[in-house]
Amino acid sequence: MQWSNSGRVAKGILPAETASETVLDFVPMRFDLGTPEQALNYLAEKKKGSNFRMNDAVRIQTGIDQVEQSTEEQKVEEAALEKLKDIQEGAYQEAYTMGLEEGRKAAFEKFSAEIAEKMEGLDQLLNTIKGLKTEMVSFNESHLIQLVFRMAERLARTELEQNNEAMVQVLRDAVSLSQDEEEITVQVSAQQFEFLEELKKETGREFDFIKRIQFEPSAELSPGGCIVETNYGEVDARLEQRVEQLWTIVSENVPKVKERAAG
């Protein structure tokens, strides 16, 4: 054991009257004995949580203080690394969450705009289809009316060509429009001319109006039609003319359709 003062080294016990003034430092002598098994056991017990604390001089001599210091530094370093890891993971998770949220927001805004645009296009398409449906109904109605009219025209032509009594009624209506003193000439088809001449020979009162008529055959007239000529004018009762007049009246009430639908 060594005691040191200002430049003077003494061995043995320092006198009490000078100890408080001359003792400056105590440096215990170290013996390099390695870390004994008892010291290792001490460290093992400390690691398990033991509250026992070894004397400082013994700790220094056995190297326990360096082991504990190294252990504490290692613990601090590990704690610092763990804390840094937590900070890095937290920052990464926060950045990931922010990026994910921003990505969702950007995607939502992008797709919302696309969906709104497509919905607007769909509305326009539905309105167009609705308009086409209305046009198609009108077109079909107009087409059906034309079809029915043409079928009726064909049936009427067939009836007038085959039924001479219908021709008699046409003549009766035409003559009723003229004055009694008028001279009446009626152009008829060649197919019905002979029939009407034979009819003038009938003695019944119902055919007296025919006796006033002078018939003339015309190759330009179809059966069922005639042209009535009087002193005051002419009445065109050709079948084609009457059909055209009738269609003019009917077509005024046919639903009008656009050329796009009709085409």
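Helices (H or I, at least four residues) and strands (E, at least two) are DSSP runs, numbered from the N terminus. The structure on display is a predicted model, in which local features need pLDDT of at least 70 and side-chain atom pairs count only at pLDDT 80 or more, while totals for chains, interfaces and linings use all residues. Residues are numbered from 1 along each chain as its sequence is written, and side-chain values use heavy atoms, with hydrogens and water left out.

**The whole chain**

Begin with the entire protein chain, which has 9 helices and 6 strands. Of its 263 residues, 21% count as buried; buried means under 20% relative accessible area, exposed over 50%, and partly exposed in between (1.4 Å probe, protein chains only). Residues 24 or more positions apart account for 65% of the contacts with a separation of 6 or more, where contact means heavy atoms within 4.5 Å.

**Helices 2 and 3**

Select Glu-37, which lies in helix 2. Glu-37 is exposed, with a relative accessible area of 59%. Next add Thr-62, which stands 25 residues from Glu-37 along the chain; the C-alpha atoms of the two are separated by 9.9 Å.

Move to Val-58 in helix 3 (residues 56-62). Val-58 counts as partly exposed, at 38% relative accessibility. Its C-alpha atom is separated by 9.3 Å from that of Ala-39, a residue 19 positions away along the chain.

**The largest pocket**

Now select Leu-43, Ala-44, Lys-46, Lys-47, Val-67, Glu-68, Thr-71, Glu-72 and Lys-75, which line the largest pocket. Helix 2 (37-48) and helix 4 (64-162) are the elements that give two or more residues to this lining. Helix 4 gives the most, with 5 residues. On a 1 Å grid over the protein atoms alone, a pocket is an open set of points where a 1.4 Å probe fits, with protein on both sides within 12 Å along at least five of seven lines; lining residues have an atom within 4 Å of a point.

The volume of the largest pocket is about 300 Å³. Grid points are joined across faces, edges and corners, and a volume is the space filled by probe spheres set on the points. By class, the lining divides into 3 nonpolar, 1 polar and 5 charged residues. Here Ala, Val, Leu, Ile, Met, Phe, Trp, Tyr, Cys and Pro count as nonpolar, Asp, Glu, Lys and Arg as charged, and the others, Gly among them, as polar.

**Aromatic pairs**

How many aromatic pairs does a search of the whole structure find? The search finds 3. Rings of Phe, Tyr and Trp (its six-membered ring) pair if their centres lie within 6.5 Å; planes under 30 degrees apart count as stacked, over 60 as edge-to-face and the rest as tilted.

Select Tyr-92 and Tyr-96, a stacked pair with 6.4 Å centre to centre and 20 degrees between the planes. Both residues lie in helix 4, 4 residues apart, about one turn of the helix. Tyr-92 is exposed, with a relative accessible area of 57%, and Tyr-96 is partly exposed, at 46%.

Continue to Phe-149 and Trp-247, whose ring centres are 4.9 Å apart and whose planes stand at 45 degrees, so the pair is tilted. This pair links distant parts of the chain: Phe-149 is in helix 4 and Trp-247 in helix 8, 98 residues apart. Phe-149 is buried, with a relative accessible area of 10%, and Trp-247 also counts as buried, at 15%.

**The second largest pocket**

Keep Phe-149 selected and add further residues that line the second largest pocket, including Ala-152, Glu-153, Leu-239, Arg-242 and Leu-246. Helix 4 and helix 8 (239-251) each supply at least two residues of the lining. About 150 Å³ of space lies in this pocket, and its lining has 6 nonpolar, 1 polar and 3 charged residues.

**The nonpolar cores**

Finally, select Leu-171, Val-186, Val-188, Phe-209, Ile-213, Phe-215 and Cys-226, the residues with the most contacts inside the largest nonpolar core, which has 19 residues. Helix 5 (164-176) gives the most to this core, with 6 residues. A nonpolar core is a set of buried Ala, Val, Leu, Ile, Met, Phe, Trp, Tyr and Cys residues joined through side-chain atoms within 4.5 Å.

Centre the view on Leu-171. Leaving aside its neighbours within four places in sequence, Leu-171 is in contact with Val-186, Leu-196, Phe-209, Phe-215 and Cys-226. Apart from this core lies another, of 7 residues, among them Phe-149, Ala-166, Leu-239 and Val-243.
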